[in-house]
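The exercises below are to be worked with the sequence and the coordinates open. Each one sets a task and then gives a solution in steps.

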Protein chains: 2
Amino acid sequence: MEWKLDKTSRTPLYQQIVDELERKISYGEYPPGTRLLPERKLAEKLEVNRMTVVHAYDELSARGFLERKRGSGTIVSSTNWGVFSKNETNWRRYVEGGSFRTSYPLVQRIREMVSEGDIDFDLASGELSKDLFPTELLQHCLKTCPFPEDLSYVHQQGFLPLRKTLSSHLKEAYRIKASPSSILITSGAQQALYLITQCLLSPGDAIAIEAPSYLYSLPLFQSAGLRIFGLPVDENGIIPRDAQKLYKEKNIRMIFLNPTYQNPTGTVLNKKRRKHILEIAESLGIPVVEDDPFSSLSFEEHHHKPIKSYDTNGNVLYIGSLSKVAASSLRIGWITGPEAVIQRLGEAKQQMDFGLSVFPQTIANELLQSSSFLIHQHHLIRELKERRDEMIQALKDVLGDEITFSIPMGGLHILGKLNKKVSDKQLVEQTIKNKLLYMPGSIYGMGDGYVRFTFARLRKEKIRDAIGRFSQSLHSL
Amino acid sequence: MEWKLDKTSRTPLYQQIVDELERKISYGEYPPGTRLLPERKLAEKLEVNRMTVVHAYDELSARGFLERKRGSGTIVSSTNWGVFSKNETNWRRYVEGGSFRTSYPLVQRIREMVSEGDIDFDLASGELSKDLFPTELLQHCLKTCPFPEDLSYVHQQGFLPLRKTLSSHLKEAYRIKASPSSILITSGAQQALYLITQCLLSPGDAIAIEAPSYLYSLPLFQSAGLRIFGLPVDENGIIPRDAQKLYKEKNIRMIFLNPTYQNPTGTVLNKKRRKHILEIAESLGIPVVEDDPFSSLSFEEHHHKPIKSYDTNGNVLYIGSLSKVAASSLRIGWITGPEAVIQRLGEAKQQMDFGLSVFPQTIANELLQSSSFLIHQHHLIRELKERRDEMIQALKDVLGDEITFSIPMGGLHILGKLNKKVSDKQLVEQTIKNKLLYMPGSIYGMGDGYVRFTFARLRKEKIRDAIGRFSQSLHSL
């Protein structure tokens, strides 16, 4: 529900509620059987007295729009309303069917809070704060990029000029050799992962992911019916031999890695292990999916070459995106690998959405070619490093030895372990009460007491207060 | 393969082929086991002498990159190449797994020809010709639309200002009442259909579609494991009682209709039947999916109100898009229905692609609000009507009583029946030889001898020549 009441209007508040609900019911947006919010909850949401809502529900009930039953709440009437009303569609049956799994409940809870916006400190969202997006640069790119000559459907693998630019970009920035025909442009890394799970794997297949991993909480793996097994991460990433073991025991068919500034641990898989896991994957004949959203957000002198840059046999599918380095709402990501595989993923994408809009692709193409993009990246990295440092200092000052963490050398997150025994669920609810959001470790498949803080979403000045607020929530438990 | 040879270069052509293939093999884009194009085919594609390709393949074989076996073609060697080469990934196993079905072979064949571009007359593609897109207007919208203030992720149902604009647009143009919270913005109508099949239906479910129907050829229904049953279309659309019968016999769970200027028949479901099918669907408790890409492309004085405009019980999911009326590469479509259903589809979309880019949404919002959009629509309709008339006249003059067809009062297509007995496959191949593309009826689930001609994709001046070329192909069989 997105409607707001007009408190300056002459129409009484209860009448405004009646009008809006009547409209939604008569428009078929609330079909017969729809359960309305309990009076107390709707009153909270609309910031009115509970009696105002009671009054509105009463009137609608009297007029036959609603049925109210003690204990089972208020539902849209199916007997007294509707021109043809007989056995209307039981939408619940449809909505609960299909193969889609909804999000992990804690993730859903946190997302809801983010979208409601009534939060002081967001340490949960894994994206940049508004001021870090290169807004002016993107605005400039939008103005200067050549307008597409032909507005017919774009090639199913994406806008060719962008794929050409990416081909050079991948070579220069990552030492990855990928020609335009072996690149598919996607709606961020998310769609690349979705395409892989839907096209290259079948329900019941086993896969290996890092433990902990953000992939653990992605319902798309559950929706695809995959069995997920963990590869424990130490300070240098996963231990390659574990993959061999999982292969023997569980017959894993694919290995998903986020080797650089891994989410949520912040660790980097070292070079020796990168080469070793590639060797193992090749000898077992199973592909590696390398998800690499953060390697360009590095605070180190030395850059880590992706596993893909060592891959000469086409064993690695490499995923990148502009979401963390430019803007999430641009929705530009990419995947590269053997041409036949990329073509297949492109065909599947065509079935799903008939290709990406040409506009974000022309903007991304302009952005990647702009000399200002490098300047933006330097600025972004400097800012992120400052925020990381500020958060580290605040954690030390405020929480001291109540928390243990290691220092990430890139990316957006710090993972900490609380030394006090607390339940994730309780702590999340307590912080929400205090208008702060963070990501609890259970979302990543860890036990209670782990916390992931994003240092990119809050301005530097607010970070210390955020940690203070967190500490307060922790202590009140 | 997208590479082209440089015929002005000093490097011999065979050497250019060697270099390109060596690069693709060493980059892992053609992993071991990849089957290369036969010499003759590659030679045709690159427009060189076959011996040039033979020479290139020979050199690469001698150097151990390729293996050539009589009868089984040329494959990338798995023994002599690769740093770690042991048991590389058998990509074929992965590519052929997953739940995705590829396109109907004839559709695939025609799409390939479209994308190769070596065609004189395209009567197949169901989109506007380049000159009919409102290019200047869109360019203007791109320049004037307010740049998004915040580049964070957009709401999962889409950019709110666009949903508000659509809410008014649907009311004014179609008499459909839909509030912004009951609208989901999609990547064209295609994604709306994909979301419905994936989220609201389960493998094995039966659905009803018009017979003939363009949905018949959409592999997304096969990919979702649905059983498809046809509702025969006469000159006034489907016969509502047939749906009742299908429900009893096959237990259909959803009815998909394209009631206005139906693709491919061009027919309009009359008002009486619209109300009747809605009544039946309601009494059976099964939803109607109303796909409506063409109703704004009407050559009639009187506009046909969508089934959705009569739906007060939330039984209809209504799909619209800007693809046929503005530009296909904008990729903006929408779906509206009961809020709980739309929310569920939005959640699923979130899992698939994390939402649409904000940029095409801001452009679409500007476009729909622009007074010039109506002017464009009038111009577009006038142009389309002229092309339709030209095609009708050409069909009469050139093919006479060799073809029977009825006159569509809107949309982009004419469906005809050839009076001569011909095989669809043979006729398609013959027209391709003559550099003309059309859509054969078998793609829509009809018998041999039906043809769908798009009159929107060719300029008026070329239509008569196109029909001439078609006639020539038909007669040479």
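At 30% relative accessibility, A:Arg68 is classed as partly exposed. The model that holds this residue is predicted.

**Exercise 1. Find the salt-bridge partner of A:Arg68 and state which elements the pair connects.**

Step 1. The partner is A:Glu39, and the closest N and O atoms of the two residues are 1.8 Å apart. The cut-off for a salt bridge is 4 Å between a side-chain nitrogen of Lys or Arg and a carboxyl oxygen of Asp or Glu, so the pair qualifies.

Step 2. A:Arg68 belongs to strand E1 (residues 66-69) of chain A and A:Glu39 to helix H2 (residues 39-46) of chain A, so the salt bridge ties together parts that are 29 residues apart in sequence.

Step 3. A:Glu39 has 15% relative accessibility and counts as buried, while A:Arg68, at 30%, counts as partly exposed. The limit that matters here is 20%, under which a residue is called buried.

Step 4. The pair is part of a network of salt bridges that links A:Glu39, A:Arg50, A:Asp58 and A:Arg68.

**Exercise 2. Locate the salt bridges of A:Arg469 and A:Arg464, and give the sequence separation for each pair.**

Step 1. The side chain of A:Arg469 meets that of A:Asp120 in a salt bridge, at 3.0 Å from N to O. A:Asp120 sits in the loop between helix H5 (105-116) and strand E3 (121-122) of chain A, whereas A:Arg469 is in helix H16 (residues 460-475) of chain A; the two are 349 residues apart.

Step 2. Both ends of this pair are partly exposed: A:Asp120 has a relative accessible area of 33%, and A:Arg469 has 21% relative accessibility.

Step 3. A:Arg464 pairs with A:Glu390, with the closest N and O atoms 3.8 Å apart. A:Arg464 lies in helix H16 of chain A and A:Glu390 in helix H14 (residues 371-399) of chain A, a separation of 74 residues. A:Arg464 is partly exposed, with a relative accessible area of 31%.

Step 4. For the total, the structure holds 53 salt bridges over all chains.

**Exercise 3. Describe the contact between chain A and chain B by its residues, its buried area and its polar pairs.**

Step 1. Chain A contributes 114 residues and chain B contributes 115 residues to the contact.

Step 2. Between them the chains bury about 10,000 Å², with 53% of this area on carbon and sulfur atoms.

Step 3. Four salt bridges are counted between chain B and chain A. One of the salt bridges joins the side chains of B:Lys130 and A:Glu149, at 4.0 Å from N to O.

Step 4. With both residues at pLDDT 80 or more, 43 residue pairs are in polar contact across the interface of chain B and chain A. On the side of chain B that touches chain A, helix H12 (residues 339-353) of chain B gives the most, with nine residues. That side of chain B is made up of 48 nonpolar, 39 polar and 28 charged residues.

**Exercise 4. Determine which operation lays chain B on chain A.**

Step 1. A turn of 180 degrees with a shift of 0.0 Å along the axis superposes chain B on chain A with an RMSD of 0.1 Å.

Step 2. The two copies are therefore related as by a two-fold rotation axis.

Step 3. The same surface serves both copies, as 99% of the contact residues of chain B recur in chain A.

**Exercise 5. Place the listed cis peptide bonds and positive phi angles in the chains.**

Step 1. The bond from A:Ala211 to A:Pro212 is cis, with omega near 0 degrees. A:Pro212 is in the loop between strand E5 (206-211) and helix H9 (219-223) of chain A.

Step 2. B:Asn263 and B:Pro264 are also joined by a cis peptide bond, with omega about 15 degrees. B:Pro264 is in the loop between strand E8 (255-257) and helix H11 (271-284) of chain B.

Step 3. A:Phe354 is not a glycine, yet its phi is positive, at about 55 degrees. The residue A:Phe354 is in the loop between helix H12 (339-353) and helix H13 (358-369) of chain A, and at 17% relative accessibility A:Phe354 counts as buried.

Step 4. B:Asn251 has a positive phi near 55 degrees. It lies in the loop between helix H10 (240-250) and E8 of chain B, and at 48% relative accessibility B:Asn251 counts as partly exposed.

Key:
Residues are numbered from 1 along each chain as its sequence is written. Chains are lettered from A and ligands numbered from 1 in the order in which they are written. This is a predicted model: local features need pLDDT of at least 70, side-chain atom pairs count only at pLDDT 80 or more; totals for chains, interfaces and linings use all residues. Side-chain values use heavy atoms; hydrogens and water are left out. Contact means heavy atoms within 4.5 Å. Buried area is the accessible area (1.4 Å probe) that two parts lose on being put together, summed over both. A polar contact is a pair of N or O atoms within 3.5 Å; within protein, one must be able to donate a hydrogen and the other to accept it, and residues adjacent in sequence count only if both atoms are side-chain atoms. Helices (H or I, at least four residues) and strands (E, at least two) are DSSP runs, numbered from the N terminus. Ala, Val, Leu, Ile, Met, Phe, Trp, Tyr, Cys and Pro count as nonpolar, Asp, Glu, Lys and Arg as charged, and the others, Gly among them, as polar. Copies are superposed by least squares on the C-alpha atoms of residues with pLDDT of at least 70 in both. Buried means under 20% relative accessible area, exposed over 50%, partly exposed in between (1.4 Å probe, protein chains only).
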